[in-house]
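Welcome, and please load the model in your viewer. We will go from stop to stop, selecting a few residues each time and looking at what surrounds them.

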Amino acid sequence: MNNEFFEALINADDEPIVICDVEHVIVYMNTTAIKRYEKRGGEALVGKSIFDCHNAHSVEIIQSVVARFRENPNLNKVFTYSKNWDGADSDAYMVALRNKSGELIGYYEKHESRIHEKDK
(Lines give C-alpha, C1' and ligand atoms only; values in the text may rest on other atoms or scores of the structure.)
Protein backbone atom coordinates (compact mmCIF):
# COMPACT_ATOMS: atom_id res chain seq x y z
CA MET A 1 0.00 0.00 0.00
CA ASN A 2 1.35 3.46 -0.80
CA ASN A 3 1.12 6.88 0.81
CA GLU A 4 -1.69 7.91 -1.54
CA PHE A 5 -3.95 5.31 0.07
CA PHE A 6 -2.96 6.31 3.60
CA GLU A 7 -3.57 9.98 2.83
CA ALA A 8 -6.95 9.15 1.27
CA LEU A 9 -7.89 7.12 4.35
CA ILE A 10 -6.98 9.92 6.75
CA ASN A 11 -8.74 12.57 4.65
CA ALA A 12 -11.89 10.44 4.39
CA ASP A 13 -12.35 10.76 8.16
CA ASP A 14 -14.87 13.49 8.94
CA GLU A 15 -13.18 14.17 12.29
CA PRO A 16 -10.01 16.26 12.59
CA ILE A 17 -6.71 14.35 12.69
CA VAL A 18 -3.49 16.20 13.51
CA ILE A 19 -0.33 14.06 13.26
CA CYS A 20 2.86 15.05 15.12
CA ASP A 21 6.35 13.62 15.33
CA VAL A 22 8.03 12.91 18.69
CA GLU A 23 9.43 16.46 18.68
CA HIS A 24 5.81 17.71 18.71
CA VAL A 25 6.01 19.15 15.19
CA ILE A 26 2.82 18.89 13.15
CA VAL A 27 3.62 16.74 10.13
CA TYR A 28 0.13 16.30 8.69
CA MET A 29 -3.42 17.57 9.13
CA ASN A 30 -6.36 15.99 7.39
CA THR A 31 -8.74 18.24 5.48
CA THR A 32 -11.22 18.30 8.36
CA ALA A 33 -8.51 19.48 10.79
CA ILE A 34 -7.38 22.17 8.36
CA LYS A 35 -10.94 23.52 8.22
CA ARG A 36 -11.60 23.13 11.97
CA TYR A 37 -8.42 24.98 12.95
CA GLU A 38 -8.52 27.57 10.16
CA LYS A 39 -8.69 30.47 12.64
CA ARG A 40 -5.49 29.22 14.26
CA GLY A 41 -3.66 28.99 10.95
CA GLY A 42 -5.11 25.94 9.21
CA GLU A 43 -2.67 24.29 6.83
CA ALA A 44 0.05 26.79 7.81
CA LEU A 45 0.30 24.93 11.15
CA VAL A 46 2.03 22.03 9.38
CA GLY A 47 5.73 22.22 10.23
CA LYS A 48 5.10 24.13 13.46
CA SER A 49 5.07 22.94 17.06
CA ILE A 50 1.74 21.65 18.33
CA PHE A 51 2.54 23.68 21.45
CA ASP A 52 2.18 26.93 19.48
CA CYS A 53 -1.59 26.46 19.32
CA HIS A 54 -2.24 25.08 22.82
CA ASN A 55 -2.41 26.66 26.25
CA ALA A 56 -0.03 25.70 29.06
CA HIS A 57 -2.46 23.16 30.55
CA SER A 58 -2.89 21.39 27.20
CA VAL A 59 0.88 21.37 26.62
CA GLU A 60 1.31 19.69 30.00
CA ILE A 61 -1.25 17.01 29.08
CA ILE A 62 0.38 16.36 25.69
CA GLN A 63 3.84 16.03 27.25
CA SER A 64 2.50 13.72 29.95
CA VAL A 65 0.74 11.42 27.49
CA VAL A 66 3.77 11.25 25.18
CA ALA A 67 5.94 10.36 28.20
CA ARG A 68 3.49 7.55 29.03
CA PHE A 69 3.63 6.32 25.42
CA ARG A 70 7.44 6.21 25.65
CA GLU A 71 7.40 4.35 28.98
CA ASN A 72 4.81 1.75 28.00
CA PRO A 73 5.04 0.27 24.48
CA ASN A 74 1.63 -1.38 24.99
CA LEU A 75 -0.12 1.93 25.64
CA ASN A 76 -1.39 3.32 22.37
CA LYS A 77 -4.54 5.37 23.05
CA VAL A 78 -5.31 7.82 25.87
CA PHE A 79 -8.50 9.82 26.43
CA THR A 80 -7.67 13.52 26.89
CA TYR A 81 -10.94 15.52 26.97
CA SER A 82 -14.54 15.93 25.87
CA LYS A 83 -15.95 18.99 24.11
CA ASN A 84 -19.05 20.01 22.21
CA TRP A 85 -18.24 20.92 18.58
CA ASP A 86 -21.06 22.17 16.40
CA GLY A 87 -23.79 20.43 18.41
CA ALA A 88 -22.02 17.08 18.79
CA ASP A 89 -20.25 15.81 21.87
CA SER A 90 -16.72 14.83 20.95
CA ASP A 91 -14.17 12.80 22.89
CA ALA A 92 -10.54 13.49 22.07
CA TYR A 93 -7.80 10.90 22.28
CA MET A 94 -4.09 10.88 21.70
CA VAL A 95 -2.96 7.84 19.74
CA ALA A 96 0.63 6.58 19.58
CA LEU A 97 2.26 5.97 16.22
CA ARG A 98 4.90 3.25 16.37
CA ASN A 99 7.23 1.77 13.78
CA LYS A 100 7.48 -1.99 13.12
CA SER A 101 9.88 -2.33 16.06
CA GLY A 102 7.37 -0.73 18.41
CA GLU A 103 9.38 2.47 18.80
CA LEU A 104 7.33 5.64 19.25
CA ILE A 105 7.70 7.77 16.11
CA GLY A 106 4.83 10.19 16.66
CA TYR A 107 1.26 10.60 17.76
CA TYR A 108 -2.01 12.07 16.64
CA GLU A 109 -5.11 13.56 18.12
CA LYS A 110 -8.29 11.72 17.20
CA HIS A 111 -11.83 12.90 17.86
CA GLU A 112 -14.81 10.60 18.17
CA SER A 113 -18.16 12.39 18.02
CA ARG A 114 -21.53 11.41 19.33
CA ILE A 115 -24.30 13.27 17.55
CA HIS A 116 -27.49 13.31 19.61
CA GLU A 117 -30.71 12.53 17.87
CA LYS A 118 -33.32 15.25 18.25
CA ASP A 119 -36.81 14.49 19.49
CA LYS A 120 -39.23 14.07 16.60
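Start by selecting glutamate 15, which sits in the loop between helix H1 (3-12) and strand S1. Helices and strands here are DSSP runs, numbered from the N terminus: H or I over at least four residues for a helix, E over at least two for a strand. This is a predicted model, in which local features need pLDDT of at least 70 and side-chain atom pairs count only at pLDDT 80 or more, while totals for chains, interfaces and linings use all residues. Residues are numbered from 1 along each chain as its sequence is written, and side-chain values use heavy atoms, leaving out hydrogens and water.

Is glutamate 15 buried or exposed? Glutamate 15 counts as buried, because its relative accessibility is 11%. The cut-offs are under 20% relative accessible area for buried, over 50% for exposed, and partly exposed in between, using a 1.4 Å probe and protein chains only.

Now show the surroundings of glutamate 15. Setting aside residues up to four places away in sequence, glutamate 15 touches Asn30, Thr32, Ser90, Lys110, His111 and Ser113. Contact means heavy atoms within 4.5 Å. Draw a line from glutamate 15 to histidine 111: they are 96 residues apart in sequence, yet 5.9 Å apart in space, C-alpha to C-alpha.

Among those contacts, pick threonine 32 next. Threonine 32 belongs to helix H2 (residues 31-36). With 19% relative accessibility, threonine 32 also counts as buried. Apart from residues up to four places away in sequence, its contacts are Asp13, Asp14, Glu15 and Pro16.

**A backbone detail**

Move to histidine 24, in the loop between strand S1 (17-21) and strand S2 (26-29). What is the phi of histidine 24? It is positive, about 70 degrees, although histidine 24 is not a glycine. Most residues other than glycine have a negative phi. Histidine 24 is buried, with a relative accessible area of 10%.

**A pair of rings**

Select phenylalanine 79 and tyrosine 93 together and show their side chains. How many aromatic pairs are there? The count comes to one aromatic pair, where rings of Phe, Tyr and Trp (its six-membered ring) pair if their centres lie within 6.5 Å, and planes under 30 degrees apart count as stacked, over 60 as edge-to-face and the rest as tilted. Phenylalanine 79 and tyrosine 93 form this pair edge-to-face, at 5.7 Å centre to centre with 70 degrees between the planes. The pair links distant parts of the chain, 14 residues apart: phenylalanine 79 is in strand S3 (residues 77-85) and tyrosine 93 in strand S4 (residues 88-98).

Colour the two residues by accessibility. Phenylalanine 79 is partly exposed, with a relative accessible area of 44%, whereas tyrosine 93 counts as buried at 16% relative accessibility. Leaving aside neighbours within four places in sequence, tyrosine 93 is in contact with Lys77, Val78, Phe79, Thr80, Tyr108, Glu109, Lys110 and Glu112. For a longer view, add lysine 48: tyrosine 93 and lysine 48 are 45 residues apart in sequence and 20 Å apart in space, C-alpha to C-alpha.

**From strand to helix**

One of the contacts of tyrosine 93 is Thr80, so select that residue now. Threonine 80 lies in strand S3 and counts as buried at 19% relative accessibility. Not counting residues up to four places away in sequence, threonine 80 touches Ile61, Val65, Ala92, Tyr93 and Met94.

Follow the first name in that list. Isoleucine 61 is found in helix H3 (residues 56-71) and is partly exposed, with a relative accessible area of 28%. The C-alpha atoms of isoleucine 61 and threonine 80 are separated by 7.6 Å, with their positions 19 residues apart along the chain.

**Zoom out**

Finally, show the whole chain as a cartoon. The protein chain has three helices and five strands, following the pattern α-β-β-α-α-β-β-β along the sequence. Its C-alpha trace spans about 50 × 35 × 25 Å along the principal axes. Buried residues make up 35% of the 120 residues in the protein chain. Residues 24 or more positions apart account for 36% of the contacts with a separation of 6 or more.
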